[in-house]
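Please read the following points alongside the coordinates; they concern the ligand site and the domain layout.

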Amino acid sequence: MSNKGTLFLCATPIGNLEDITLRVLRTLKEVDLIAAEDTRHTRKLLTYFDIHKPLVSYHEHNKTEKGQYIVNQLQEGKNIALVSDAGTPAISDPGEDLVKLCIQNGIDVSALPGAAAAITGLIMSGLSTTRFSFEGFLSTVKRHRREHMEQFRNDMRTLIFYEAPHKLSGTLKDLLQVLGNRRIAVARELTKKFEEVVRCTLEEAVKKYDEEQPKGEFVLVVEGADPEQLEMQQQEKWKRFSLQQHIDMYMEQGIDHKEALKRVAKDRGVSKREIYALQLKEKKGQ
Ligand code: SAM
């Protein structure tokens, strides 16, 4: 059996302190050390629950040096809990790097699930939860933000973003421009006193936050691309191709003639028999 310690990934509340789990409380009391993004912030949480443990800071700017220190401690047999400022560690915070480092060093990692702002926002949104994509924070570089958003034009999954209040208005405008007037849920201060979920269109959200100063923490949940609209766009695209060009497109990808005809028929929403007839017509028209 390994004498190494375990890294416990402990989810903490995203607002309401009652959202901490019994297992997290017990683990925080039992471990030798707690690694925290902001030790002052975590100290307050621990004091509230009457937990008194040594803390080590682990954040974006010291993660290389502190990551190695934490791994050394784990290798010496210490059990360590990792907590972030709020929610689930390793989601949009440097916890991801520590998990990788522990795995590389053969250290056991155990997850203690709990609150995560993305999932809380999603289930409150009223949008589809069947398939979704968590996108975290968009880049602050305008060109990168746009490129990132362009990738979702044809994505039917519900999209989830984190956003800071001072960037909210700009992000909503960019989303409207790139994705069109989709439905959105702007989830603010989840589980806190001033919790609010505004369910509207992107146009309405842009207007709202042009008129008022956004305050607090935000999760944006945006409706995925409309499958009917995508299908219509695709049909329009095929119309710009002659039948032969459409068949050639598949054959150039190494697909045999029979299969190419099958795919063309499917793309154009017609039967294979109709494709043969159309092919003949096209040939006669040449
Ligand atoms: N690890 C966290 C989690 O599990 O959700 C996320 C950390 S990330 C650095 C912080 C971002 O999460 C905030 O900027 C905000 O977008 C979102 N967030 C955190 N708490 C929130 C809350 N109570 N309501 C809305 N959004 C929140």
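1. What distance separates the centres of domain 2 and domain 3, taken over C-alpha atoms? In this predicted model, the two centres are 38 Å apart. The domain assignment of the protein chain gives domain 1 as 6-115, domain 2 as 118-225 and domain 3 as 228-285.

2. Turning to the ligand, the space that it takes is the largest pocket. The elements that give two or more residues to the shell around the ligand are strand 7 (158-163) and strand 10 (218-222), while at the level of domains the shell draws at least three residues from each of domain 1 (6-115) and domain 2 (118-225).

3. The shell counts 19 residues, of which Thr88, Ala117, Tyr162, Leu190 and Phe218 come nearest to the ligand. Sorted by class, the shell around the ligand holds ten nonpolar residues, together with four polar and five charged ones.

4. As for polar contacts, a backbone N or O atom of alanine 117 lies 2.8 Å from an oxygen atom of the ligand, and a polar backbone atom of isoleucine 14 is 2.9 Å from a nitrogen atom of the ligand. A contact from a side chain is found at glutamate 217, where an N or O atom is 3.3 Å from a nitrogen atom of the ligand.

5. The ligand taken alone exposes 570 Å², and the protein buries 90% of that area.

How values were computed:
Residues numbered from 1 in each chain as written. Predicted model: local features only at pLDDT ≥ 70, side-chain atom pairs only at ≥ 80, totals over all residues. Heavy atoms only, no water. Near = heavy atom within 4 Å. Polar contact = N/O pair within 3.5 Å; in protein donor to acceptor, adjacent residues only side chain to side chain. Areas by Shrake-Rupley, 256 points an atom, 1.4 Å probe, with all protein chains shown as cover. 1 Å grid on protein atoms, 1.4 Å probe; cavity = no way out; pocket = protein on both sides within 12 Å on 5 of 7 lines; lining within 4 Å. Sits in = over half its atoms within 2 Å of the grid points. Helix = DSSP H or I, 4+ residues; strand = E, 2+ residues; numbered from the N terminus. Nonpolar A, V, L, I, M, F, W, Y, C, P; charged D, E, K, R; others polar. Domains from an automatic or database assignment.
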